[in-house]
Amino acid sequence: MHYVAPTTVGEACSLLADNPGSRVFAGATDLVPQMRTGRLEPSVMVDLKRIDRLMSVSHADGRWTIGAATPASDLTHNAAFTAMHPGISEGAGLIGSDQIQNRSSLGGNLCNGSPAADSVPGMIAAGARAVIAGAGGERTIPVADVVTGPGQTSLAADEFIVEFEIDDPPANTGDAYLRMIPRTEMDIAVVGAAVRLTMDGDTVSAAGVVLGAVAPTAVRVPEAEAALVGSSLDADTLAAVAAAASAACNPIDDKRGTIEYRTQVAGVLAKRAAAIAAERAQNGA
Amino acid sequence: MSRTHINCIVNGEPTDFLAADATSLLDALRDELGLIGTKEGCGTGDCGSCSVLVDGKLNCSCLILAPEAEGREITTVEGIADGDQLHPLQQTFLEGAALQCGICTPGFLVAAKALLDANPDPTETEIRYGLAGNLCRCTGYDKIVRAVQEAAVQLNSTSKQGV
Amino acid sequence: MTATENPTNYKWVGTRPIRHDGFDKVVGKARFGADLNLPGQLHGAFVRSPHAHARIVSIDTSAAEAMPGVKAVVTGDDFPALDPTHPNYDTAVNCMARGEAFYHGHAVAAVAATTKAEAKAAAAAVEVEYEVLPAVLSIADSMADGAPLANPNNHTKFAPPGDPSNLATITNLDRGDVDQAMADADVVVEMGFDCAHVHQGYIEPHACVVDYGDGKANVWCSSQGHFRVRSMTADVLGVDNSKVKVVPAEIGGGFGGKTTIYLEPIAAKLSEKSGKPVKITMTREEVLRGSGPAPSAELRIKIGATKDGELTAIDGWMAYGVGAFSDMAGLIGAMSVASYKFPNLRMETYTALTNTPKSAAYRAPSAPHAAWAIESVVDEVATELGMDPIDLRLKNAAVEGDLTAMGMPHPRVGLVECLEALKASDHYQSEPAEGSSRGMAVGFWFNIGEESSATVNLNEDGTANVITGSPDIGGSRASMALMAAETLGIDVYSITPIVADTESVGFTDVTEGSRATFATGKAVVEACEDLIEQLKARAATIMGVDVGEVAWVDGAAVSPGHGGGEGGDPLTLAQITAQAKRTGGPLTATASLNAAGAGPSFAVHCADLKVDEETGEIEIVRYTAVQDAGTAIHPSYVEGQMQGGSVQGIGWALNEEYIYNADGAMENASFLDYRIPVASDLPLIETIIVEVPNPAHPYGVRGVGETGIVPPMATIGNAVKAATGVRMTSLPMSPPKVLKRLNER
């Protein structure tokens, strides 16, 4: 296995195109364990962290642009970003320990393709976009269209994500991400729930509800969103949100949780995340 | 098998070594540089025994490929003391019996140093979450948390004295 | 965190000096098992069975041998055949299979190559042909009529010779008339419980370097007992003990799991074949797949009580699943039942083999499982009687003279004192925090004595070296130095305690059974007492008095006949050693013993916790551990043992378990999915050391290392009952299992 550290996006694209079996990486926090067990045997490991564009976080023209290799800790320590998108920030901040936080990236968290990725539901709920570079140039697609199944992305072998774009939310919008793990840290999410709400006074005017770890990919719950819009988050609405979230689940039994458990807790977390998102929306996010 | 020549700074000293690209920084530190203070507990980033600072940031060295160290500043447990002059954390760990077998201690010292460097007056909860990436099986974490709290007190009083 | 009883005013015992080996450990100089590198060393890697049970039809190592960097390959055929009745037969076969693989992960071959990567690649190239055999994967399957044999070499111990069996032990204990007592009881509670396998979870994976030369294997490894490493390795290699030297590295946790061997004979044979030193380190995955967890268990406990709270009868059925080799877990489980008087008692216990990794000891082996069940049922009885749980236990607590389940009378023990200390504690006297509920439970461990040797050498300047053979797993070197300081009357920092190799100190048994501070401490004290006699004799010569007129006081020889004053001018130890040559030569002493009188240690724990009834998550809000240490030689390390044991028990209670698939392979063989507690899971662990000195030790020591893991599971289960009304009966009490039970309420 060879290691290369290109300094431009073009260089990285050429490396991927010229080396079948090569992989890009930022934190490698998922890749290295896979390499250790022999599950992954890349020919070339292309380190994206020396490309400035992939490591920068900036805000301009009504949106945040986040380099795909930026460590999660850079994002969570960015007070302005966290104030505007607290749910995405807290999702990114839950990817592992402080050690992992200084390595793991939104690009890696997404492209590893785990249904349990903590930063993904919040990004989908916010309508985030991924800017992808490849032999044919750059293209932009919704983050929701990147992962196609566990460990699978829609990217071609010679493509990688350069940066994410997250538009500024409308006024009175708040988001939240909650996850269930058996310990208090260090675990892969058994259930993840991201909710983003725009409030008009006490009434919800827009809603995004996305669940993680309960289906082959992160899954949007339109029925929960419909229940929320126009409501004032009364008990009946929240019960409907929980029921819709549970109904949207298509989880598996595995060493981290059962179908029964995930389904039930998805409803609980969706309801709790909605309450937090609403509070953030109303308190001037 | 080809090896890459890597130049970096380790514990303040310009250093170079050879390593195959697939070698972890952990293995390079231990096997090429003889710095055996950093330990492998799991090799998958789940235990923190291999914690080092890279350009001042806390990392698991088992997840870092050796060539990534090029041009970086690495701090290991061997770089925390100043000769025989122990860092307050090392002193409070000893005085507070915050180590029993000691295998996790290097990782905890590096992680705790990073924690206090960034947050000099952490709450107990902040200490616990800041150190959640470091597993200890002997102590139950109680005396480790207390040692970090005590070191924070000492470091803050030292800095208040303008030392 | 102070002792409630301080029987004697000691000068050094009971203080908290910085441990002598501490500096090296905080600056990264201390060398653990994987921290030695020898010039020219090779790296070893294993080939492991992918089947839970299989006959090994053939092993073709030719492809592996041809690979770059490969210098040696071994299989079971490279080791002498041992008779199946040999005491280390199972150990040998577990280190490397002989024709039959008994669990997924069982080592069947090993290679040594110039680099780790080459060794790993070569191991993957070894071709093994297997004939898959039926596997037994649970206790129930193991004990079922007509079950296939997990291991055809196993016969039930302590029974007349018979056919091979899946049962290693069958124990039946009986006293009084259980059936009558149950019929007469006012309250009878009967429940079934189960526990999955858990691992000791030491952070340091197994590691060794072996340099074979001149017919001898020179072993560097971390272990809980290097003399046992020597004898086991020698047996597997088929050589005398003198052909194996073991140098103890610092050990990064053991908790019982490093009282056996996995690597050393393999590394020795690879070293012999290659002519180079061979280093082998286990990966974490190998540790979980290939080293011994604690047994699993199924238990059924029935307790009968009168309406005024006398626990009159216990009827227990306990089966422990121990993996693919013989073990005595069921017998030891019976031995661990000892906390209450129980005038009527029946215990039927089993040790059952399964095609899973060979169990190794884990901190008070078998006792946590039994206490999980028994303390849960006692708690149910307390609830039914409307009695405070501590008061019920106080009424029935074992005291000196009461019989354990095995029928052994307790010596002086401190259970009552521990219960009273909890009752009086700030924790128990305070209301649980808002939203939290409380539980408590008792634990017992008998502790052992066994053999130890110690040498104490006085240096010319009056400093001293204390040399023992007990690996230091939790601060015991500091305790040895404290006991030597106290006995000799010199400063603890003038003493250097070391753990010496198998050629440099007398035979010493493993650091297990909480025996080091007790038994090795006794040997150290005896050696110091021998030195005192020698010092007095030298002093008599120097002073020109009769030795009978010399006393040893505060580190000096005093005699009324020497100089003025009541005791005369004292001659300090340093003054005497300065004249050692003139008065007869160096001052050294050795003591060795087979220690008798190990004192049992009782513990009582209490937890306040909250249960999130929508997710099943448990949050521990407050935790107190009370334990009888006899005398706390170094209170910080006693507290440390109590806290460490508590947290291991909390992990066992909440999230730790081996998850096997239908083929007997562990699915969660990593620290990601084998979930031991992290710092944010826990509160501070308050400790209360009770001191009821053990009369059989010069300083009253009771072993403390193990008991701490015995009460936590029931402590938490009892608190969950108080919080939710649900009695959890299956470990771990992970959120999915808790939520399921809450749903069924």
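This report looks at chain B as a whole and then at some aromatic pairs in chain C, all in a predicted model.

## Chain B: fold and size

Chain B is built from five helices and five strands. Going along the sequence, the order is β-β-α-β-β-β-α-α-α-α. Its radius of gyration is 16 Å, close to the 15 Å that the globule rule gives for 163 residues, so chain B is as compact as a globular protein of that length. Along the principal axes, the C-alpha atoms take up a box of roughly 50 × 35 × 25 Å.

## Chain B: inside and surface

Of its 163 residues, 63% count as buried. Take the contacts between residues at least 6 apart in sequence: 54% of them join residues at least 24 apart.

On the outside, chain B exposes about 5,500 Å², with carbon and sulfur atoms supplying 47% of that. As for charge, there are 11 positive and 22 negative side chains, and the centres of the two sets sit 7 Å apart.

## Aromatic pairs

Over all chains, the structure holds 14 aromatic pairs. One of them joins Phe102(C) and Phe325(C): the ring centres are 5.6 Å apart and the planes are at 75°, so this pair is edge-to-face. The two residues are 223 apart in sequence, with Phe102(C) in the loop between β4 and β5 and Phe325(C) in the loop between β14 and α10. Both Phe102(C) and Phe325(C) are buried.

Phe227(C) and Phe507(C) also pair edge-to-face, at 5.4 Å centre to centre and 65° between the planes. Here 280 residues separate Phe227(C), in helix α7, from Phe507(C), in the loop between β19 and α16. Phe227(C) is buried, at 2% relative accessible area, whereas Phe507(C) is partly exposed, at 36%. Elsewhere, Tyr658(C), Tyr660(C) and Tyr674(C) make up one aromatic cluster.

Terms used:
Residues numbered from 1 in each chain as written. Chains lettered and ligands numbered in written order. Predicted model: local features only at pLDDT ≥ 70, side-chain atom pairs only at ≥ 80, totals over all residues. Heavy atoms only, no water. Helix = DSSP H or I, 4+ residues; strand = E, 2+ residues; numbered from the N terminus. Rg over C-alpha atoms; globule rule 2.2 N^0.38 Å. Buried < 20%, exposed > 50% of the residue type's maximum accessible area, 1.4 Å probe, protein only. Contact = heavy atoms within 4.5 Å. Areas by Shrake-Rupley, 256 points an atom, 1.4 Å probe, with all protein chains shown as cover. Lys, Arg positive; Asp, Glu negative; His and termini not counted. Charge placed at Lys NZ, Arg CZ, Asp CG, Glu CD. Phe/Tyr/Trp six-rings, centres within 6.5 Å; stacked < 30°, edge-to-face > 60°.
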